[in-house]
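Q: Please take a close look at one helix in this model and at what follows it, and then place that part in its wider setting.

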Amino acid sequence: MTEHAVVIAGGGPTGLMLAGELALADVDVAIVERRVNHDLAGSRAGGLHSRTIEVLDQRGIAERFLSEGQVVQVAGFAGTRLDISDFPTRHPYGLGLWQNHIERINGRLGRRAGGADLPRA
């Protein structure tokens, strides 16, 4: 049995991002995931919201996602689309990008930070 300081259950976008952050902090981390690859059954997350893009920008990695997605106005309330293009942020938009692409980019970032490729349970 292998021991790690942190074991993350799930290799989706959140788990991969957490693993990358921990690897940057020199924390020994492993991800357990039941999927054998990044293929997804059905559609899952279809993009990123403005605040998520801001956080990625703070880490210096937003461009990696922006270069592969499509900028869109995604905000809405009760079925009404809201225009956030005048919000006080560097990223007043959402990004259309399917979850499998988000995971692929996150996986590359984790490996660059010193983490292993996506381990499987």
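A: This is a predicted model, and a convenient place to begin is Asp26, which follows helix H1 and has a positive phi, near 60°. Helix H1 itself spans residues 13-24, 12 residues in all, and reaches 17 Å from its first C-alpha to its last, which is close to the 16 Å expected at 1.5 Å a residue.

Within H1, the buried residues are Gly15, Leu16, Ala19, Gly20, Leu22 and Ala23. They lie on the same side of H1, because the arc they cover around the axis is only 165°. The spacing behind such a pattern is a general one: an α-helix has 3.6 residues a turn, so residues three or four places apart point the same way.

Turning from the helix to the nonpolar cores, the largest one consists of 12 residues, namely Leu48, Ile53, Leu56, Ile61, Ala62, Phe65, Leu66, Tyr93, Leu95, Leu97, Ile102 and Ile105. Two or more residues are contributed to this core by each of helix H2 (50-58), helix H3 (62-66) and helix H4 (99-112), and the largest share, 3 residues, comes from H3. Leu22 of H1 belongs elsewhere, to a second, separate core of 6 residues that also includes Ile8, Val29 and Ile31.

Beyond the second core, Glu33 sits in the loop that runs between strand S2 (29-32) and strand S3 (47-48). Glu33 is buried, since its relative accessible area of 10% falls under the 20% limit. A polar atom of the Glu33 side chain lies 2.6 Å from the backbone nitrogen of Gly11.

The strand at the far end of that loop, S3, belongs to an open sheet of 3 strands, arranged in the order S3-S7-S4 with antiparallel pairing. In this sheet S3 and strand S4 (70-72) are the edge strands, each pairing on one side only. The pairing of S3 with strand S7 (residues 94-96) is antiparallel and runs over 2 bridges, and here Leu48 has Leu95 of S7 as its bridge partner. Leu48 and Leu95 are also both members of the largest nonpolar core, so the contacts of Leu48 link the sheet to that core: leaving aside residues up to four places away in sequence, Leu48 touches Ile53, Leu56, Phe65, Gly94, Leu95 and Ile102, where touching means heavy atoms within 4.5 Å.

Methods
Residues numbered from 1 in each chain as written. Predicted model: local features only at pLDDT ≥ 70, side-chain atom pairs only at ≥ 80, totals over all residues. Heavy atoms only, no water. Core = buried A, V, L, I, M, F, W, Y, C linked by side-chain atoms within 4.5 Å. Buried < 20%, exposed > 50% of the residue type's maximum accessible area, 1.4 Å probe, protein only. Helix = DSSP H or I, 4+ residues; strand = E, 2+ residues; numbered from the N terminus. Polar contact = N/O pair within 3.5 Å; in protein donor to acceptor, adjacent residues only side chain to side chain. Expected span 1.5 Å × (residues − 1). Arc of directions from axis to C-beta. Pairing = 2+ DSSP bridges.
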